[in-house]
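The following exercises concern strand pairing and burial. Please work through each task with the structure in view before reading its solution.

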Amino acid sequence: QVQLVESGGGLVQAGGSLRLSCLPSGRTFASSNAMGWFRQAPGKEREFVGAIRWSGGVASYANSVKGRFTISRDNAKSTFYLQMNSLKPEDTAVYYCAAAGLRVGALSLLPTMAGQYDYWGQGTMVTVSS
């Protein structure tokens with residue numbers, strides 16, 4: 001059974017930073033699979049934040065977080081991270097990591113739609129106060 005265990009959410013003031021972690025287990029993913037991060041604010045639809053290939057490397061980001069958020073992977077710990085800097089009140093949401101079983105070619109775009117992801121973490125709340 002695939003599990004994605006998230007941690008690291010909390011309350012932070014605007015301008016502050018948080019780092020979310022996502023530890024997958026229960027399946028061996030291919031280097032060409034993808035790990036994505038999504039968020040859902042109260043009363044809003046789930047939206048794409050960013051994604052990275054399972055092997056790491058260059059990530060893609062939503063315009064709303066580009067330049068402030070960074071996705072990375074620690075191979076030794078098999079853990080993915082979402083580093084969030086310069087946080088704004090509008091970043092307040094439940095954040096989810098998600099794993100996509102589809103294979104992403106080297107020249108292909110990373111998946112950005114929630115429906116392209118097969119496995120989801122439980123979500124972690126991030127609250128940014130003004």
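**Exercise 1.** In this predicted model, determine how β1 is joined to strand β3 (residues 18-25) and which residue in β3 is the bridge partner of Leu-4.

*Solution.* Step 1: β1 and β3 run antiparallel and are joined by five bridges. Step 2: the bridge partner of Leu-4 in β3 is Pro-24.

**Exercise 2.** Establish the strand order of the open sheet that contains β1 and β3, and state which strands stand at its edges.

*Solution.* Step 1: the sheet has four strands in the order β1-β3-β8-β7, and the pairing is antiparallel. Step 2: β1 (3-7) and β7 (69-74) each have a single partner strand and stand at the edges, so one side of each has no neighbour in the sheet. Step 3: on average, neighbouring strands of this sheet are turned by 20° against each other, direction ignored.

**Exercise 3.** Identify strands that pair with β9, with the number of bridges for β4, β11 and β10.

*Solution.* Step 1: strand β4 (residues 34-40) runs antiparallel to β9 and is joined to it by seven bridges; Met-35 has Ala-99 of β9 as its bridge partner. Step 2: strand β11 (residues 124-129) pairs with β9 over three bridges, also in the antiparallel sense, and Met-125 in β11 stands opposite Val-94. Step 3: strand β10 (residues 119-120) is joined to β9 by two bridges and runs antiparallel to it; Tyr-119 in β10 is the bridge partner of Ala-99.

**Exercise 4.** Explain why strand β9 (residues 93-100) is described as largely enclosed.

*Solution.* Step 1: a residue counts as buried when its relative accessible area is under 20%. Step 2: seven of the eight residues of β9 are buried, so the rest of the structure largely encloses this strand.

Technical notes: Residues numbered from 1 in each chain as written. Predicted model: local features only at pLDDT ≥ 70, side-chain atom pairs only at ≥ 80, totals over all residues. Heavy atoms only, no water. Buried < 20%, exposed > 50% of the residue type's maximum accessible area, 1.4 Å probe, protein only. Pairing = 2+ DSSP bridges. Axes fitted to C-alpha atoms, helices over the stretch in contact; angles between N-to-C directions.
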